[in-house]
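Visitor: I'd like to learn how to read a structure like this one. Could you walk me through a few features?

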Amino acid sequence: MSIEVSVIIPAYNTETYIAKAINSALCQTLSNIEVIVVDDCSVDNTVAIVQSFDDPRVRLIRNTQNLGAGGARNKAIAAAQGKWIAVLDSDDWYAPQRLEVLVNLAEQKQVDFIADDSYLIEDGVNTPWSTIIRESGIKMSAIQQFDAAEFIMTDIEGRPGLRLGFTKPLFRREFLQKHQIRYQNIRVTQDFWFDIQCFLHGAKFCLIPEPYYFYRARPGSLVSSDKIGRMKEECEVINRFFANTEYIEQNPDVAAALKLKLRETQIWLDYYLVVEPLKQGKVLVSLRRIISNPGVIKHFLFNITQLIARRWENLLINNRIESHQKNMFKA
C-alpha cells in the first residue's frame, strides 16, 4: 500500500514531549502514513524514546551535526515517500482525524497546500485557551483560499491578522520536489517563508476554520524572547525575496505587501532596540539609539494605546491560565 502522508518531526532535546507527538501521528484515522523523526543531536533521552516505538511506520534519522529545525526538516523531506508531507513540531500534537480531513479537502479543492486552525495551549495545561483564528478576531466559518499577497498581509508586525505563518500546512510532495522548495536557515519564521516560496512557484492554498493541530506555547521560546533577533532576521529575509525581481515585477500586489511588511518590521525593530535595553537598565544605550533615530518616540506615542491594550490582554490571558490551573488542583 502506498504511503499517503509523511509526517516529519524535527526533534532536539524534547524527551518530555516527543512521545505524545509521535503517538498523535500513529493514532490518526488515516493509517497509511509514515512518521520521520530527525534528531538534531539531542543530548537527552529523545532518541531512546523514538527507538522505543515498535511500529514500522516510525523512521529515525540522526544528524551528525546540529542543523537547526529547518535543516532537520529538509532531511526529512528528502527521505519522505508519501504523497503529502505534514509538519509536526516535536512538542505539538494532532487531533486523531486531522490528516484524513486535510487530505480529503486538499484533493477536493485541488490545492498544493492546506492548513487548519490551531489550538493554542500553554505548557502544562490540558485545555487550550484559544485558537489562531479566534485570537485574530476574524470571523471565519467556511474554507477560504488565499493568494500570496493576502497571506503576507495576515502577518504584518504590530497589526492584527490571522498569522497564517504559524499554521502547519499539509504540502503536496510532488510540488515541493518539482520546485526544489526547502526550509531556509532562519530561526523563527521558517514556516512562513517556506509557504511564501510555495506561492512564488504558483501554489494554491486554502485554510479550513476547524482546529486539528495543538500548538504548545512554551516559556522562553524564540518568538517571545528574542524580538530583536527575530525582526532583524525578518528584514534580511524580506530583502532576499526582493532579489527575485522577475516574480516581484510580475506581482505588484505581492511587492506592495512585502514592502509594507518590511517597513512595519523595521519600525518595531527600532522600537525594541530602545525598549529592550531599558528593561535591562541600560539607559545610556537607549538614549543613544533615540538620538540616532528620534522617529522611535513618534512610533511609541502613536502606538501607546495599542501597547497598553497588548499588555492588558497578556495580563488577562495569564490570569485566565492561572485560574484554570488552580481549578485543576481543586478537582
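Visitor: Let's begin with helix packing: at what angle do helix H10 and helix H12 pack, and how far apart are their axes?

Guide: The general idea is that two packed helices are described by the angle between their axes and the distance between the axes. Keep in mind that this is a predicted model. Here H10 (residues 227-242) packs against H12 (residues 252-279) at about 155°, and the axes are 9 Å apart. Angles over 145 degrees count as roughly antiparallel, so H10 is roughly antiparallel to H12. As for handedness, the crossing of H10 past H12 is left-handed.

Visitor: Which residues make that contact?

Guide: On H10 they include Ile-228, Met-231, Cys-235, Ile-238 and Phe-242. From H12 come, among them, Leu-258, Leu-262, Leu-269, Tyr-272 and Leu-273. Charged side chains take part too, including Lys-227 and Glu-234 of H10 and Glu-276 of H12. Sorted by character, the residues of this contact are 13 nonpolar, 3 polar and 6 charged.

Visitor: On to nonpolar cores. Which residues of the largest one touch the most other members?

Guide: That core has 49 residues, and the ones touching the most other members are Trp-193, Ile-196, Cys-198, Phe-205, Leu-207 and Leu-258. Helix H8 (residues 190-200) contributes the most to this core, with 7 residues. A separate core of 36 residues lies apart from it, with Ile-22, Trp-93, Tyr-94 and Leu-102 among its members.

Visitor: What does Cys-198 touch, beyond residues up to four places away in sequence?

Guide: Cys-198 touches Phe-113, Phe-171, Phe-175, Leu-176, Ile-181 and Ala-203.

Visitor: Now a glycine: is Gly-70 buried or exposed?

Guide: Buried means under 20% relative accessible area. Gly-70 comes out at 4% relative accessibility, so Gly-70 counts as buried. You'll find Gly-70 in helix H3 (residues 68-79).

Visitor: And which residues is Gly-70 in contact with, leaving aside neighbours within four places in sequence?

Guide: Tyr-183, Gln-184 and Gln-190 are in contact with Gly-70. Try Tyr-183 in the viewer: Gly-70 and Tyr-183 sit 113 residues apart in sequence, yet their C-alpha atoms are 5.1 Å apart in space.

Visitor: Stepping back, how many helices and strands does the protein chain have?

Guide: The chain comes to 15 helices and 10 strands. Of its 331 residues, 51% count as buried. Among contacts between residues at least 6 apart in sequence, 77% join residues at least 24 apart.

Technical notes
Residues numbered from 1 in each chain as written. Predicted model: local features only at pLDDT ≥ 70, side-chain atom pairs only at ≥ 80, totals over all residues. Heavy atoms only, no water. Axes fitted to C-alpha atoms, helices over the stretch in contact; angles between N-to-C directions. Helix = DSSP H or I, 4+ residues; strand = E, 2+ residues; numbered from the N terminus. Parallel < 35°, antiparallel > 145°, perpendicular 65-115°, else oblique. Left-handed = near helix turned anticlockwise from the far one by under 90°. Contact = heavy atoms within 4.5 Å. Nonpolar A, V, L, I, M, F, W, Y, C, P; charged D, E, K, R; others polar. Core = buried A, V, L, I, M, F, W, Y, C linked by side-chain atoms within 4.5 Å. Buried < 20%, exposed > 50% of the residue type's maximum accessible area, 1.4 Å probe, protein only.
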